Amino acid sequence: MPALPPAEIGARFFDIDTPALVIDLDAMERNMALLAARVKALGVRLRPHAKTHKSAIIAAKQVALGAVGICCQKVAEAEALAAGGVRDILVSNEVVGGRKLARLAALARQIKIGVCVDHLDQVALLNEAARQAGSRIDVLIEIDVGGRRCGIAPGPLAVTFAAEIARCANLRFGGLQAYHGRAQHLRTPAERQAAIGAAQRGVADTVAHLKAAGFACDTIGGAGTGTFLLEGGSGVWNELQAGSYIFMDADYARNVSDEGGNAPRFEHALFVLATVMSATSTEQVVVDAGHKALSNDSGFPDVWQRPGLAYQRPSDEHGIITVAAGAQPPAWGNKLLLVPGHCDPTVNLHDWYVGVRDFGTPHARVETLWPVDARGALG
Ligand SMILES: *Cc1c(COP(=O)(O)O)cnc(C)c1O
């Protein structure tokens, strides 16, 4: 049973219960429109990553702005988003295990499904699952372009995979998955450029080998919020998978933007609203949002627009807010907005989004309550 939402539609901002996952709807819409326009100008396709938001409603908004479909990372996420109406999903990940493959193949009867492989045995297993389900699955070969996560080495090995996929009646060779996760959070533009430049050489080399063997890549997918202009402008990638841009987080805000000022500036649109539940000292207060309301794997949250306040020492259900000398300590019962260090896993801790219009103004109101459809969808 999902928990009750922390607010009612139409409620004033002040009446939202805490901890709550709050969206500044205007900022989110600006982020979505900005990325869609930039990707369109690059002349490539957009397939945003839904692991950020896990919401069918937000996915539908991305599709309405021109996305060809969405990515997700797990079969269970794909199931939840398909149930919410998404029609075209790439599982940008390897799926291993008979039960999962059967579910993926069943889903491919209802909607367009793609998946990645980096092991030859997986090709036959996927084909068998799709044959039994009577469906067809698009298969991308994942190459490791520097992220040192999944993926085969760029180069001629991809030809062996493409030939194997092409032999399978229930599979379709879709192209390459080439996502450089580690490049996203390299802090300087020069570092990101170098990383994507090296990745680009690997992708181009792989595409050339495939072409020489008679295999055309319909899709060459990859890119995230930190680097999408580079992949999109490379002439090599043709489908971009940025995800975090809709919300942004404190960690992404630590990236240095490009010197030329060409990079779009996405705004913080996602917050955890917390209440000061204890204020027994002038040096620190305690809020009701700890590890179970915020993911701290990429650093602690920033306290929004409150200079001198810093979030520290979270425990399960508490966070300490330290007050620098000279800063105004928040009073008992005050509410504070926290910008999560890492948006995706923070979202996964909540059942509901509270969408606020006119955020930050005296008219701020709850306009929407959206379920986090794929919350906890790990399988
Ligand atoms: C997370 C992820 C993305 C999106 O990256 P962001 O940094 O959130 O924009 C894209 N592709 C893949 C495969 C991912 O895992």
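These notebook entries record what I looked up about the ligand site and two helix pairs.

**Entry 1: the model.** I note at the outset that this is a predicted model.

**Entry 2: the ligand shell.** I listed the residues around the ligand and found 15 of them. Those that come nearest are Lys51, Thr225, Gly243, Ser244 and Tyr252. I then sorted the shell by residue class: 9 residues are polar, 4 are nonpolar and 2 are charged.

**Entry 3: polar contacts of the ligand.** I looked up distances from ligand atoms to side-chain N or O atoms. For Ser244, the side-chain atom lies 2.5 Å from an oxygen atom of the ligand. For Lys51, the distance to a ligand oxygen is 2.9 Å. Gln241 offers a side-chain N or O atom at 3.0 Å from a nitrogen atom of the ligand. I also checked the cover of the ligand: taken alone it exposes 380 Å², and the protein buries 95% of that area.

**Entry 4: helix 4 and helix 5.** I turned next to helix packing. Helix 4 spans residues 98-110 and helix 5 spans residues 120-133. Their axes are 8 Å apart, and the helices pack at an angle of about 50°. Helix 4 and helix 5 are therefore oblique to each other. I recorded their crossing as right-handed.

**Entry 5: helix 6 and helix 7.** I examined helix 6, residues 157-166, against helix 7, residues 189-212. The two axes cross at roughly 50° and come within 8 Å. Helix 6 is therefore oblique to helix 7. The crossing of helix 6 with helix 7 is right-handed.

Methods. Residues are numbered from 1 along each chain as its sequence is written. This is a predicted model: local features need pLDDT of at least 70, side-chain atom pairs count only at pLDDT 80 or more; totals for chains, interfaces and linings use all residues. Side-chain values use heavy atoms; hydrogens and water are left out. A residue is near a molecule or strand if one of its heavy atoms lies within 4 Å of it. A polar contact is a pair of N or O atoms within 3.5 Å; within protein, one must be able to donate a hydrogen and the other to accept it, and residues adjacent in sequence count only if both atoms are side-chain atoms. Accessible areas come from the Shrake-Rupley method with a 1.4 Å probe; for residues, only the protein chains shown count as cover. Ala, Val, Leu, Ile, Met, Phe, Trp, Tyr, Cys and Pro count as nonpolar, Asp, Glu, Lys and Arg as charged, and the others, Gly among them, as polar. Axes are lines fitted to C-alpha atoms, for helices over the stretch in contact, and angles run from 0 to 180 degrees between N-to-C directions. Helices (H or I, at least four residues) and strands (E, at least two) are DSSP runs, numbered from the N terminus. Angles under 35 degrees count as roughly parallel, over 145 as roughly antiparallel, 65 to 115 as roughly perpendicular and the rest as oblique. A crossing is left-handed if the near helix is turned anticlockwise from the far one by less than a right angle, and right-handed if clockwise.
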